[in-house]
Amino acid sequence: MGDVALYNVVVMGLAFLCMFAAFQTSTFIEATVLKSVFYKTGDQIAFTSVSIIYFVFAFANSIAPAIVSLTGSKMSMILGAVPYCLFVGCIIYPLVPVLYVCSALLGLGAAVLWTAQGEFLTVNSTDETMSRNTGIFWALLQSSLVVGNGAVYFIMGDATDISNHLRYKLYGILTCVCTLGMLILLILRKPPTLNNKKDYSLSLSATDSSAAPSTSPVKAIKSMIKLLGTKDMLLLAVCFCYTGLELTFFSGIYGTMIGNMADPVLGVNATIEPGAVKLSEYTNGEFKKNQVLLAGVLVGVGEILGGLLFGILGKRTIKFGRDPIVVAGLIIHLATYFVVFLNMLPRSPFAAVDFDDLLNDHYRLWNPSVAVALVCAFTLGLGDSLFNTQIYGIIAALYSEDSAPAYSLFKFFQSLLSGIAFLYSSYIVLEYQLAILCVTAIMGTACFVSVEWSLKKRRDGYQAIQ
């Protein structure tokens, strides 16, 4: 039984690795690609596309448990993967209305995919193997950042624009990789916890309940609404919201900041003002456009390392509880935000470096450094992995009997705050964005720790589990 469960976790992780290597790479360079097609409006089209994905994703989580309940977690993951392939493929020949429709479909598909994924992971895990399985899945998933961004980094070289030929080639390959990930889901096997239940079919029919609890769609929706009113879920929701904000920061805003520091108007041969110093003399190393992709690779390395240390080795680390791990994630992120504040320029999230940024920049201890920026990318990924692996673990511990509504609420709050962060990131300077992250990080960690301590007391017999 254990072998089947481990097989399912690894296969699911490989499928997600392929799908998200294609999807995350697509969104990472989407603005650059669309600028080469639509020129001045390309970045706004890309921003609108991402916003549609996150907002539809957030509200589609209200119906995702019902779909998973009807079709089963395996079939739901396959259905949810289809829009990812459509979205990546539509950028080969981008048409704005088609892109927006595919973005909306992807938001719906993502809600179904992630709800089913969380449930499938739960039914393939026990209390003893949840941390290990979460770590394995998380490490494989986040390897997509390394694989996808690394491949595009070498393909693009120093290019700041993408030709039609390169776009056809790149997105054709990415579409094939995404489709491969969807097909890998077909070879998932029956979870061992269901071996004594009804016959299982690999035919992917609507009656396949591969990991779905035997509940009606109406009950699934009611269960999610009821769950939202509980003290534990309300507290965890604060932590969920923080993961949404920091997801937007490391996956969208931080790369944009590095790209804006490499604006060609103030490149190595340009001057800040007539007769003044060169930008390359102001910064500790030259910022380049392709370093956006290097930052993505290092975020992935941090995510993988965190998954390995606190997921796969969870039997050793979990004996002290989940709360020290989340507190460690908090410390890493707070330290990273402080260094980012010192290393990057105030308007870098939404504007290229200009004279005012440099002439009014008096508070920093060192000049902007490429090396420091890339190290911060690594620690952003490391801290994120500590939060997310422990969130998966505590959800599985609290809601093992019916985890789909809990995972839906997790993704609802996370994606809703991600969408909001994408909206305000174009208008708020770096200092205030970092302040928002710091405050919500502290609040989210405090709420997580409160739930974890309450769970420990219940398990120790102080309080009956509700």
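Which residues is Cys18 in contact with, leaving aside its neighbours within four places in sequence? The list runs Val177, Cys178, Leu180, Gly181 and Ile184, where contact means heavy atoms within 4.5 Å. Before going further, a word on the input: this is a predicted model, with local features needing pLDDT of at least 70, side-chain atom pairs counted only at pLDDT 80 or more, and totals for chains, interfaces and linings using all residues. Residues are numbered from 1 along each chain as its sequence is written, and side-chain values use heavy atoms, with hydrogens and water left out.

On to the overall picture. The protein chain has 18 helices and 0 strands; helices (H or I, at least four residues) and strands (E, at least two) are DSSP runs, numbered from the N terminus. Of the 466 residues in the protein chain, 57% are buried. Here buried means under 20% relative accessible area, exposed means over 50%, and partly exposed is in between (1.4 Å probe, protein chains only). Among contacts in the protein chain with a separation of 6 or more, 85% are between residues 24 or more positions apart.

Back to Cys18, which sits in helix α1 (residues 2–28). Cys18 counts as buried because its relative accessibility is 14%, with the cut-off at under 20%. Its C-alpha atom is separated by 4.8 Å from that of Gly181, although the two are 163 residues apart along the chain. Gly181 is also one of the buried residues of helix α8, and so are Cys178 and Ile184, which turn up in the contact list of Cys18 as well.

Helix α8 itself covers residues 164–184. Its 21 residues reach 30 Å from the first C-alpha to the last, close to the 30 Å expected at 1.5 Å a residue; the expected span is 1.5 Å times one less than the number of residues. Other buried residues of α8 include Leu166, Arg167, Leu170, Tyr171, Leu174 and Thr175. An α-helix has 3.6 residues a turn, so residues three or four places apart point the same way. Cys176, also found in α8, counts as exposed because its relative accessibility is 55%. Cys176 and Met19 are 157 residues apart in sequence, yet 9.4 Å apart in space, C-alpha to C-alpha.

What about helix α5 (residues 73–90)? Its 18 residues should span 26 Å at 1.5 Å a residue, and the end C-alpha atoms are 27 Å apart, which agrees. Mostly covered is a fair description of α5, with 14 of its 18 residues buried.

As for the sulfur chemistry, a search of the whole structure finds 0 disulfides, a disulfide being a pair of cysteine sulfur atoms within 2.5 Å. For Cys102, the nearest cysteine sulfur is that of Cys90, 4.1 Å away, and Cys102 is in no disulfide. Cys102 is buried, at a relative accessible area of 10%, whereas Cys438 is partly exposed at 23%.

Helix α7 (residues 130–156) holds Gln142, and Asn149 lies in α7 too. Gln142 counts as buried at 6% relative accessibility, and Asn149 is buried with a relative accessible area of 1%. Not counting residues up to four places away in sequence, Gln142 touches Gly300, Glu303 and Ile304. Asn149, with neighbours within four places left aside, is in contact with Thr25, Phe28, Ser144, Leu293, Gly296 and Val297. One of these partners, Gly296, is 147 residues from Asn149 in sequence and 6.1 Å from it in space, C-alpha to C-alpha.

Thr115, in helix α6 (residues 96–123), is buried with a relative accessible area of 0%. Beyond residues up to four places away in sequence, Thr115 touches Asn61, Ala64, Pro65, Val68, Ala404 and Ser408. The last item is a helix pair. Helix α16 (residues 370–398) and helix α17 (residues 404–424) pack at an angle of about 145°, their axes 10 Å apart. Axes are lines fitted to C-alpha atoms, for helices over the stretch in contact, and angles run from 0 to 180 degrees between N-to-C directions. The contact involves Asn388, Ile391, Tyr392, Ile395 and Ala396 of α16, along with Ala406, Tyr407, Phe410, Lys411 and Gln414 of α17. By class, this contact has 7 nonpolar, 2 polar and 1 charged residues; Ala, Val, Leu, Ile, Met, Phe, Trp, Tyr, Cys and Pro count as nonpolar, Asp, Glu, Lys and Arg as charged, and the others, Gly among them, as polar.
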